[in-house]
Amino acid sequence: MRSPAVATALVSASLLVLGAVPGGGRPLPARMADTGGGTQLITAVAAKAGSTTGTLTWWDLRDGQWVRAGSAKARFGANGLVEGASREQGTSTTPTGLYHLPYAFGIKAAPRGTTYKYRPVRETSWWCQDNDSRSYNRWSEPRAKDCRAAESEHLISYEKQYAHAMVIGFNYTEPVRGRGAGIFLHVNGSGATAGCVSVSADAMRRILRWAGPDDAPHIAIGTTSGRTAITRY
(Lines give C-alpha, C1' and ligand atoms only; values in the text may rest on other atoms or scores of the structure.)
Protein backbone atom coordinates (compact mmCIF):
# COMPACT_ATOMS: atom_id res chain seq x y z
CA MET A 1 0.00 0.00 0.00
CA ARG A 2 1.38 3.43 -0.98
CA SER A 3 2.03 5.97 1.72
CA PRO A 4 -0.13 9.15 1.74
CA ALA A 5 2.91 11.17 0.62
CA VAL A 6 3.52 8.94 -2.39
CA ALA A 7 -0.18 8.96 -3.33
CA THR A 8 -0.27 12.75 -3.16
CA ALA A 9 2.82 12.99 -5.32
CA LEU A 10 1.27 10.72 -7.95
CA VAL A 11 -1.93 12.78 -8.07
CA SER A 12 0.08 16.00 -8.37
CA ALA A 13 2.13 14.50 -11.20
CA SER A 14 -1.05 13.50 -13.04
CA LEU A 15 -2.46 17.00 -12.75
CA LEU A 16 0.80 18.43 -14.04
CA VAL A 17 0.71 16.25 -17.13
CA LEU A 18 -2.87 17.18 -17.93
CA GLY A 19 -2.26 20.85 -17.22
CA ALA A 20 -5.12 20.92 -14.71
CA VAL A 21 -5.26 23.07 -11.63
CA PRO A 22 -5.61 21.73 -8.08
CA GLY A 23 -9.14 20.91 -7.02
CA GLY A 24 -10.17 19.23 -10.25
CA GLY A 25 -10.13 22.39 -12.36
CA ARG A 26 -10.07 22.22 -16.15
CA PRO A 27 -6.90 22.84 -18.20
CA LEU A 28 -6.43 26.48 -19.17
CA PRO A 29 -7.41 26.08 -22.86
CA ALA A 30 -10.70 24.49 -21.80
CA ARG A 31 -11.51 27.65 -19.84
CA MET A 32 -10.81 30.03 -22.71
CA ALA A 33 -13.41 31.68 -24.92
CA ASP A 34 -11.57 30.61 -28.08
CA THR A 35 -8.49 28.56 -28.94
CA GLY A 36 -8.30 29.23 -32.67
CA GLY A 37 -9.95 26.05 -33.88
CA GLY A 38 -6.79 23.98 -34.20
CA THR A 39 -5.40 21.09 -32.18
CA GLN A 40 -2.39 22.99 -30.84
CA LEU A 41 -2.24 26.11 -28.69
CA ILE A 42 0.39 28.21 -26.96
CA THR A 43 -0.60 30.20 -23.87
CA ALA A 44 1.55 33.04 -22.55
CA VAL A 45 0.35 34.17 -19.13
CA ALA A 46 1.52 36.98 -16.86
CA ALA A 47 0.36 37.58 -13.30
CA LYS A 48 -0.84 41.11 -14.09
CA ALA A 49 -0.74 43.72 -16.83
CA GLY A 50 2.39 45.35 -15.43
CA SER A 51 4.37 42.11 -15.34
CA THR A 52 7.40 41.56 -17.54
CA THR A 53 7.68 37.82 -16.87
CA GLY A 54 5.31 34.86 -16.81
CA THR A 55 4.81 31.36 -18.15
CA LEU A 56 4.49 30.04 -21.67
CA THR A 57 2.86 26.63 -22.16
CA TRP A 58 2.18 24.67 -25.31
CA TRP A 59 -0.76 22.29 -25.53
CA ASP A 60 -2.13 19.48 -27.68
CA LEU A 61 -5.80 18.61 -28.10
CA ARG A 62 -6.05 14.82 -27.74
CA ASP A 63 -9.34 12.95 -27.82
CA GLY A 64 -11.20 16.13 -26.97
CA GLN A 65 -8.98 17.10 -24.02
CA TRP A 66 -6.17 19.63 -23.83
CA VAL A 67 -2.90 18.13 -22.62
CA ARG A 68 0.19 20.10 -21.73
CA ALA A 69 3.10 19.32 -24.05
CA GLY A 70 5.67 21.66 -22.50
CA SER A 71 6.22 24.79 -20.47
CA ALA A 72 8.88 27.47 -20.00
CA LYS A 73 9.48 30.79 -18.30
CA ALA A 74 8.54 33.71 -20.54
CA ARG A 75 9.40 37.39 -20.83
CA PHE A 76 7.09 40.17 -22.01
CA GLY A 77 7.38 43.84 -22.91
CA ALA A 78 9.36 46.21 -20.71
CA ASN A 79 6.12 48.09 -19.98
CA GLY A 80 4.01 44.98 -19.45
CA LEU A 81 0.95 43.89 -21.39
CA VAL A 82 -1.94 45.81 -22.94
CA GLU A 83 -5.11 44.92 -24.81
CA GLY A 84 -4.08 44.28 -28.39
CA ALA A 85 -6.97 46.23 -29.91
CA SER A 86 -5.82 49.46 -28.24
CA ARG A 87 -2.05 48.99 -28.31
CA GLU A 88 0.16 51.77 -29.68
CA GLN A 89 3.41 51.27 -31.53
CA GLY A 90 6.64 52.06 -29.70
CA THR A 91 5.21 51.54 -26.21
CA SER A 92 7.21 48.38 -25.40
CA THR A 93 4.02 46.59 -24.43
CA THR A 94 3.05 43.05 -25.37
CA PRO A 95 -0.40 42.87 -27.03
CA THR A 96 -2.88 40.52 -25.38
CA GLY A 97 -5.27 38.45 -27.46
CA LEU A 98 -5.47 35.31 -29.58
CA TYR A 99 -3.31 35.25 -32.71
CA HIS A 100 -2.35 32.87 -35.49
CA LEU A 101 1.30 32.05 -36.18
CA PRO A 102 1.93 32.70 -39.91
CA TYR A 103 5.42 31.18 -40.08
CA ALA A 104 8.71 30.65 -38.27
CA PHE A 105 12.09 32.12 -39.15
CA GLY A 106 15.63 32.25 -37.94
CA ILE A 107 19.25 33.18 -38.42
CA LYS A 108 20.11 29.59 -37.60
CA ALA A 109 18.78 26.63 -39.54
CA ALA A 110 15.48 25.17 -38.38
CA PRO A 111 15.93 22.62 -35.58
CA ARG A 112 15.96 19.05 -36.82
CA GLY A 113 12.40 17.74 -36.92
CA THR A 114 10.80 21.12 -37.67
CA THR A 115 7.89 20.84 -40.12
CA TYR A 116 6.48 24.36 -39.72
CA LYS A 117 7.08 26.83 -42.54
CA TYR A 118 10.53 28.26 -41.76
CA ARG A 119 12.12 31.23 -43.45
CA PRO A 120 15.91 31.75 -43.26
CA VAL A 121 17.19 35.19 -42.28
CA ARG A 122 19.69 36.68 -44.73
CA GLU A 123 21.73 39.86 -44.84
CA THR A 124 18.97 41.46 -46.90
CA SER A 125 16.11 40.44 -44.54
CA TRP A 126 14.20 43.26 -42.84
CA TRP A 127 10.94 43.62 -40.95
CA CYS A 128 9.28 46.86 -41.97
CA GLN A 129 7.83 48.95 -39.15
CA ASP A 130 7.52 52.17 -41.13
CA ASN A 131 3.93 53.41 -40.90
CA ASP A 132 4.29 55.17 -44.24
CA SER A 133 5.37 52.07 -46.13
CA ARG A 134 3.21 49.72 -48.16
CA SER A 135 5.26 46.93 -46.52
CA TYR A 136 4.24 47.90 -42.98
CA ASN A 137 4.40 44.94 -40.60
CA ARG A 138 5.79 42.62 -43.24
CA TRP A 139 9.05 40.83 -43.99
CA SER A 140 10.83 42.88 -46.64
CA GLU A 141 13.68 41.33 -48.61
CA PRO A 142 15.39 43.38 -49.80
CA ARG A 143 14.10 46.34 -47.80
CA ALA A 144 11.40 48.16 -49.73
CA LYS A 145 12.36 51.57 -51.08
CA ASP A 146 9.52 53.25 -49.19
CA CYS A 147 10.51 51.56 -45.90
CA ARG A 148 13.03 53.57 -43.93
CA ALA A 149 15.85 51.60 -42.29
CA ALA A 150 15.51 53.70 -39.15
CA GLU A 151 11.88 52.53 -38.88
CA SER A 152 12.61 48.85 -39.47
CA GLU A 153 14.43 45.88 -37.95
CA HIS A 154 17.43 44.44 -39.74
CA LEU A 155 16.70 40.89 -38.64
CA ILE A 156 20.22 39.53 -38.91
CA SER A 157 21.39 42.14 -36.41
CA TYR A 158 19.55 40.30 -33.62
CA GLU A 159 21.80 37.26 -33.60
CA LYS A 160 20.62 35.92 -30.24
CA GLN A 161 16.92 36.81 -30.26
CA TYR A 162 16.23 35.78 -33.84
CA ALA A 163 18.32 32.63 -33.86
CA HIS A 164 14.86 31.01 -33.94
CA ALA A 165 11.48 32.76 -33.88
CA MET A 166 7.84 32.63 -34.91
CA VAL A 167 5.78 35.50 -36.29
CA ILE A 168 2.82 36.33 -34.03
CA GLY A 169 -0.12 37.42 -36.17
CA PHE A 170 -0.82 40.60 -34.19
CA ASN A 171 -1.94 43.45 -36.50
CA TYR A 172 -0.94 41.23 -39.40
CA THR A 173 -3.90 40.31 -41.59
CA GLU A 174 -5.16 43.88 -42.02
CA PRO A 175 -2.48 46.09 -40.43
CA VAL A 176 -3.61 49.22 -38.62
CA ARG A 177 -0.96 51.93 -38.88
CA GLY A 178 0.44 52.96 -35.51
CA ARG A 179 -0.76 49.85 -33.68
CA GLY A 180 2.50 47.99 -33.88
CA ALA A 181 4.68 45.79 -36.05
CA GLY A 182 7.16 42.98 -35.61
CA ILE A 183 5.66 41.08 -32.69
CA PHE A 184 7.36 37.70 -32.44
CA LEU A 185 7.88 34.70 -30.20
CA HIS A 186 11.66 34.54 -30.01
CA VAL A 187 14.71 33.63 -27.96
CA ASN A 188 15.45 35.62 -24.79
CA GLY A 189 17.68 38.65 -25.03
CA SER A 190 19.24 40.41 -22.04
CA GLY A 191 15.95 41.34 -20.39
CA ALA A 192 12.35 42.31 -21.06
CA THR A 193 11.29 42.66 -24.70
CA ALA A 194 10.14 45.61 -26.79
CA GLY A 195 6.70 44.01 -27.03
CA CYS A 196 7.40 40.44 -28.11
CA VAL A 197 7.20 37.24 -26.08
CA SER A 198 10.50 35.48 -25.48
CA VAL A 199 11.69 32.17 -24.01
CA SER A 200 14.97 30.32 -23.62
CA ALA A 201 16.77 29.05 -26.71
CA ASP A 202 16.06 25.47 -25.68
CA ALA A 203 12.33 26.17 -25.27
CA MET A 204 12.19 27.88 -28.66
CA ARG A 205 13.75 24.86 -30.34
CA ARG A 206 11.32 22.54 -28.57
CA ILE A 207 8.35 24.64 -29.73
CA LEU A 208 9.51 24.59 -33.34
CA ARG A 209 9.89 20.82 -33.31
CA TRP A 210 6.45 20.50 -31.68
CA ALA A 211 4.45 22.85 -33.92
CA GLY A 212 2.54 21.10 -36.68
CA PRO A 213 1.44 23.07 -39.76
CA ASP A 214 -1.70 20.94 -40.06
CA ASP A 215 -2.59 21.50 -36.38
CA ALA A 216 -3.21 25.25 -36.87
CA PRO A 217 -1.43 26.39 -33.69
CA HIS A 218 -2.36 29.77 -32.25
CA ILE A 219 -0.93 31.78 -29.38
CA ALA A 220 -3.04 33.36 -26.64
CA ILE A 221 -1.44 36.11 -24.57
CA GLY A 222 -2.97 37.50 -21.40
CA THR A 223 -3.04 37.80 -17.65
CA THR A 224 -4.42 35.54 -14.95
CA SER A 225 -7.36 37.89 -14.32
CA GLY A 226 -8.77 41.34 -15.01
CA ARG A 227 -9.53 43.09 -18.31
CA THR A 228 -6.72 41.26 -20.09
CA ALA A 229 -7.44 37.82 -18.59
CA ILE A 230 -6.35 35.12 -20.99
CA THR A 231 -9.65 33.28 -20.52
CA ARG A 232 -11.38 36.18 -22.35
CA TYR A 233 -9.66 35.28 -25.60
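This passage walks through a pocket, a covered strand and two buried residues in a predicted model.

The pocket comes first. The largest one holds about 380 Å³ of space, and 24 residues line it. Nearest its centre sit E153, T193, A194, G195 and C196. Sorted by class, the lining of this largest pocket comes out as 15 polar, seven nonpolar and two charged residues.

Next up is strand 14, which spans residues 218-223. Strand 14 is mostly covered, with six of its six residues buried. Its side chains split into two sets: H218, A220 and G222 point one way, while I219, I221 and T223 point the other way. Both sets are made up of buried residues.

Strand 14 also has pairing partners. With strand 1 (residues 40-46), strand 14 pairs in the parallel sense, and six bridges hold that pairing on record. Within strand 14, A220 is the residue that stands opposite T43. Strand 5 (residues 94-100) runs antiparallel to strand 14, and four bridges join the two. Here Y99 has I219 of strand 14 as its bridge partner. As for the directions in which these two strand 14 residues point, A220 goes one way and I219 the other.

Then there is D130, which lies in the loop between strand 8 (126-128) and strand 9 (138-140). Is D130 buried or exposed? D130 counts as buried because its relative accessibility is 1%, and the cut-off for buried is under 20%. A polar atom of the D130 side chain lies 2.9 Å from the backbone nitrogen of D132. Setting aside neighbours within four places in sequence, D130 is in contact with Y136, D146, C147, R148, E151 and R177.

The last residue is H154, found in strand 10 (residues 152-154). With a relative accessibility of 18%, H154 also counts as buried, since buried means under 20%. What does the side chain of H154 reach? It gets to the backbone oxygen of E123, at 2.6 Å. E123 turns up again in the contact list of H154, alongside S125 and W126, once neighbours within four places in sequence are left aside.

Definitions and conventions:
Residues are numbered from 1 along each chain as its sequence is written. This is a predicted model: local features need pLDDT of at least 70, side-chain atom pairs count only at pLDDT 80 or more; totals for chains, interfaces and linings use all residues. Side-chain values use heavy atoms; hydrogens and water are left out. On a 1 Å grid over the protein atoms alone, a cavity is a set of points where a 1.4 Å probe fits but cannot get out, and a pocket is an open set with protein on both sides within 12 Å along at least five of seven lines; lining residues have an atom within 4 Å of a point. Grid points are joined across faces, edges and corners, and a volume is the space filled by probe spheres set on the points. Ala, Val, Leu, Ile, Met, Phe, Trp, Tyr, Cys and Pro count as nonpolar, Asp, Glu, Lys and Arg as charged, and the others, Gly among them, as polar. Buried means under 20% relative accessible area, exposed over 50%, partly exposed in between (1.4 Å probe, protein chains only). Two strands pair if DSSP finds at least two bridges between them. A polar contact is a pair of N or O atoms within 3.5 Å; within protein, one must be able to donate a hydrogen and the other to accept it, and residues adjacent in sequence count only if both atoms are side-chain atoms. Contact means heavy atoms within 4.5 Å.
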